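Subject: Structure for your reading

Dear colleague,

Please find below the sequence and structure that I am handing over to you. I would be grateful if you kept both open while reading the notes underneath.

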Amino acid sequence: QPVRLGDETGAEALHPVVAYLSNAAIAAPDLAARLDALQAGGAPVILTVGLPEGGVPQTGQRPTQRRIDLLAIEQNAWVLASRDPRCVVVATRTEIDWAMKHGQMVVWAPSKIVLDAVDGPKGAVGDAVALALWLAEQMAATQLELHGDVSAPAGSRVPVTRVDP
């Protein structure tokens, strides 16, 4: 059962587990088992990814580089979705909420939410773990689970768990 907590309006809010998957975790033969374990926890799952292997075009301008990096992350989200039919790529908060309420495993395509955010992520969007942590905080996640050889920035308001690579 999804973890549900009531709010002041009486509506129930879902509190997901946000999981960051490194490129090695995406390509690993045990990907399906990792996703099984995430689903077995009972909470909705939002998967996040970083930049793809091989780098991305460099513009030398911060605003355009931010957009290119976000698009590259979205391409990597589609790579993950191609590896497991449970993964549904979503771009908006409405899509995330709908998918969670319907038990779908979400892969976050960050451009829309990040670019529309009034109080968006502070660092470079290429720092995918910091981006995942920002999403976890925005979603009031129960935890951020890191899959791969990565670490979380200090000062998280969401508990961070490392899963061995």
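The following paragraphs describe what was found, beginning with the sheet and moving on to the helices and loops. Please bear in mind that this is a predicted model.

The sheet

Six strands form an open sheet in the order β5-β6-β4-β3-β7-β8, and their pairing is parallel. The edges are held by β5 (87-90) and β8 (160-163); each has a single partner strand, so one side of each is left without a neighbour in the sheet. From one strand to the next, the twist averages 30°.

The pairings may be followed across the sheet. At one edge, β5 and β6 are parallel and share four bridges, with Val88 opposite Val106 of β6. Strands β3 and β4 are joined in the parallel sense by five bridges, and here Ala19 faces Leu47 in β4. Strand β3 also runs parallel to β7, again with five bridges; Leu21 has His147 of β7 as its bridge partner. Finally, β7 (residues 143-147) is linked to β8 by four bridges, also in parallel. His147 appears once more in this pairing, as the bridge partner of Val163 in β8.

Strand β3

Is β3 enclosed or open to the outside? Five of its five residues are buried, so β3 is largely enclosed by the rest of the structure. In a regular strand, side chains alternate between the two faces of the sheet. In β3, Val17, Ala19 and Leu21 lie on one side, Val18 and Tyr20 lie on the other, and all of them are buried. Both faces of this strand are therefore covered.

Helix α6

Helix α6 (residues 128-138) packs on the sheet, where it touches β3 (17-21), β4 (45-49), β6 (105-108) and β7. The direction of α6 makes about 170° with that of β3. Eight of the 11 residues of α6 are buried, and the helix is thus mostly covered. Those buried residues are Ala128, Val129, Leu131, Ala132, Leu133, Trp134, Leu135 and Ala136. They pack against β3, β4, α3, β6, α5 (111-116) and β7.

Just after α6 comes Ala140, in the loop between α6 and β7. What is unusual about the phi of Ala140? Most residues other than glycine have a negative phi. Ala140 has a positive phi of about 50° although it is not a glycine. With a relative accessibility of 38%, Ala140 counts as partly exposed, because that value lies between the 20% limit for buried and the 50% limit for exposed.

Helix α4

Together, β5, α4 and β6 make a right-handed β-α-β unit. Which residues of α4 (residues 93-101) are buried? They are Ile96, Ala99 and Met100. These three cover an arc of only 100° around the axis, which puts them on the same side of α4. An α-helix has 3.6 residues a turn, so residues three or four places apart point the same way. On the other side of α4, Thr94 and Lys101 are exposed. Just after this helix, Gly103 takes a positive phi of about 70°.

The nonpolar core

The largest nonpolar core contains 49 residues, and the members that touch the most others are Ile46, Leu47, Leu80, Ile96 and Trp108. The largest share of this core comes from α6, which supplies eight residues. Ile46 offers a useful view of how separate parts of the chain meet. Setting aside neighbours within four places in sequence, Ile46 is in contact with Pro16, Val17, Val18, Ala19, Ile96, Met100, Val106, Trp108, Leu135 and Met139. Among these partners, Ile96 and Met100 were named above as buried residues of α4, while Leu135 is one of the buried residues of α6.

A loop contact

Pro52 is located in the loop between β4 and α3 (62-83). Pro52 and Asn23 are 29 residues apart in sequence, and their C-alpha atoms are 6.9 Å apart in space. Apart from residues up to four places away in sequence, Pro52 touches Asn23, Ala72 and Asn76.

Yours sincerely,

A colleague

Technical notes. Residues numbered from 1 in each chain as written. Predicted model: local features only at pLDDT ≥ 70, side-chain atom pairs only at ≥ 80, totals over all residues. Heavy atoms only, no water. Pairing = 2+ DSSP bridges. Helix = DSSP H or I, 4+ residues; strand = E, 2+ residues; numbered from the N terminus. Axes fitted to C-alpha atoms, helices over the stretch in contact; angles between N-to-C directions. Contact = heavy atoms within 4.5 Å. Buried < 20%, exposed > 50% of the residue type's maximum accessible area, 1.4 Å probe, protein only. Arc of directions from axis to C-beta. Core = buried A, V, L, I, M, F, W, Y, C linked by side-chain atoms within 4.5 Å. Right-handed = clockwise from strand over helix to strand, strands pointing away.
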